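Please walk me through this protein model, from its overall division down to individual residues. I would like to see how the separate parts relate to one another.

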Amino acid sequence: MACGTLTIDLDALVENWRTLDAMSTAGTETGAVVKADAYGLGAGPVARALWRAGVRRFFVAVAEEGAPLREAIGPDAEIFVFSGHMRGDTDTIADLALTPVLNSTEQLTRHVETLPGHPFAIQLDTGMNRLGMEPAEWEAVRDIALSLSPRLVMSHLACADEPDHPMNRRQLETFRALTEGISVPRSLAATGGILLGPEYHFDLTRPGIGLYGGAPHTEARPVVRLSLPVIQTRPVAAGETVGYGNAWEAPEEREIATVSGGYADGLIRAMGGRAQLYDGDQPCPIVGRVSMDLITADITDLPARPESLDILCPAQGVDALAEAAGTIGYEILTALGPRYQRRHIRGGAS
Ligand SMILES: *Cc1c(COP(=O)(O)O)cnc(C)c1O
């Protein structure tokens, strides 16, 4: 079989959740964001492991993501939908008992007209200008909305991965002003916000990337290993070239391995030349261009021909690979393609 293997360590994931939970202020509940198929790692197994660890509130981006999640974790978990209540979502929200996070008066009206009495949450815009009610809009509907007992009032930080950015405090103060004196639970922090400190925690936090081993949760345990089978190896002589565009030329005789996996699998083409493949902790530089389904690496220094080489492993984590590709860990994870065999393990066999 030529497909790569993506191994997801559920114990490391749960430990990362516990670490973030332990950082939170006493009385703050720690939820889990499992949108985009749990950042590419498999929402079903990921959410089940978190549910068993005590997570009771989950977040997805769109209502359609609620179906596999509800099936995985059963009827008692609360599933919030960040995009709120869109036209066409009503049956899904009702059937799966989802809690839409309403982002506008339009959504609030749709929700109370189509599903009176059905739970909802509210998102306020505190300056990011992406989702949520504007302060003036909130002012106009606040009393009515609060009289219907929302499950949560939340907002989202634009610059939480930069602790010294003045935007953090501005948003905190705006959020406080907009929610002063309300008795509804409040939520402001994702992973970055948890790390900013207790003022940002409120009643519920919403970590995503920190669970999956990515920055800004730099203390996180690695969760993923991605192993790519070696399909073929060959010696190349000095002056021979490898791959498209003759982009790499051997300076002397070298041994080249061709592994299965390429940009169609989320291994971003721009990482070629900067990232490595690994045999254990021994690096093998990627040479030539990353192509759609294949990557070539220089394995001259290895003692033996390997069966497979790792592109994500403790020696080269999600953020190191992101850096080589000129992107962020979030994009590396969520781009991981459907061709990998995903193996969910317990017991940290990394
Ligand atoms: C994606 C998202 C999160 C999770 O953010 P991380 O940085 O991955 O922890 C939390 N809240 C909202 C509104 C989001 O869109």
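The paragraphs below go from the domains to the sheets, then to the nonpolar cores, the ligand surroundings and some backbone details.

The model is a predicted one, and its protein chain is divided into domain 1, which spans residues 31-212, and domain 2, which spans residues 224-345. The C-alpha centres of domain 1 and domain 2 are 38 Å apart, and the contact between the two involves eight residues of domain 1 and eight residues of domain 2.

An open sheet of seven strands, paired in parallel, follows the order 3-4-5-6-7-8-9. Strand 3 (32-33) and strand 9 (186-187) form its edges, and each of them has a single partner strand, so that one side of each is left without a neighbour in the sheet. Within this order, strand 6 (residues 99-102) and strand 7 (residues 121-123) run parallel and are joined by two bridges, and leucine 102 has isoleucine 122 of strand 7 as its bridge partner.

A second set of pairings is arranged around strand 11, which covers residues 224-236 and runs antiparallel to strand 1 (residues 5-9), with four bridges between them. Here isoleucine 8 is matched with valine 224, its bridge partner in strand 11. Strand 11 also pairs with strand 18 (residues 308-312), again in the antiparallel sense and over four bridges, and in this pairing proline 229 stands opposite serine 308. With strand 14 (residues 254-260), strand 11 shares six bridges in an antiparallel arrangement, where valine 236 is found opposite arginine 254. In a regular strand, side chains alternate between the two faces of the sheet.

Alanine 12 belongs to helix 1, which comprises residues 10-23. With a relative accessible area of 0%, alanine 12 is buried, and, leaving aside residues up to four places away in sequence, it touches Arg221, Pro222 and Val223. Alanine 12 and glutamine 123, by contrast, are separated by 111 residues in sequence and by 31 Å in space, C-alpha to C-alpha.

Which residues of the largest nonpolar core touch the most other members? Among its 75 residues, they are Leu41, Leu50, Phe58, Tyr212 and Ile311. Both domain 1 (31-212) and domain 2 (224-345) give residues to this core, and it therefore lies between them. Apart from this core lies another, made of 20 residues that include Leu102, Ile122, Ala145 and Leu188; the first two of these names have already appeared above, as leucine 102 and isoleucine 122 are bridge partners. The contacts of isoleucine 311 can be listed in full: not counting residues up to four places away in sequence, isoleucine 311 touches Leu226, Leu228, Leu267, Met271, Gln276, Leu277, Ile286, Ile295, Gln316 and Leu321.

The surroundings of the ligand come next. There are 14 residues around the ligand, and of these Lys35, Tyr39, Thr191, Ile209 and Tyr330 come nearest. Polar atoms of three of these side chains can be followed individually: an N or O atom in the side chain of tyrosine 39 is 2.5 Å from an oxygen atom of the ligand, an N or O atom in the side chain of threonine 191 is likewise 2.5 Å from a ligand oxygen atom, and a polar side-chain atom of tyrosine 330 lies 2.6 Å from an oxygen atom of the ligand.

Some details of the backbone remain to be described. Most residues other than glycine have a negative phi, and most peptide bonds are trans. Tyrosine 39, which is not a glycine, nevertheless has a positive phi of about 50°; tyrosine 39 is placed in helix 2 (residues 35-39) and is buried, with a relative accessible area of 7%. Phenylalanine 202 also has a positive phi, near 50°, in a residue other than glycine, but the place of phenylalanine 202 is in the loop between helix 9 (191-196) and strand 10. Is phenylalanine 202 buried or exposed? Phenylalanine 202 counts as buried, because its relative accessibility is 15% and the limit for a buried residue is under 20%. Finally, a cis peptide bond, with omega of about 10°, joins alanine 215 and proline 216, and proline 216 is found in the loop between strand 10 (204-205) and strand 11.

Technical notes:
Residues numbered from 1 in each chain as written. Predicted model: local features only at pLDDT ≥ 70, side-chain atom pairs only at ≥ 80, totals over all residues. Heavy atoms only, no water. Core = buried A, V, L, I, M, F, W, Y, C linked by side-chain atoms within 4.5 Å. Buried < 20%, exposed > 50% of the residue type's maximum accessible area, 1.4 Å probe, protein only. Domains from an automatic or database assignment. Contact = heavy atoms within 4.5 Å. Pairing = 2+ DSSP bridges. Near = heavy atom within 4 Å. Polar contact = N/O pair within 3.5 Å; in protein donor to acceptor, adjacent residues only side chain to side chain.
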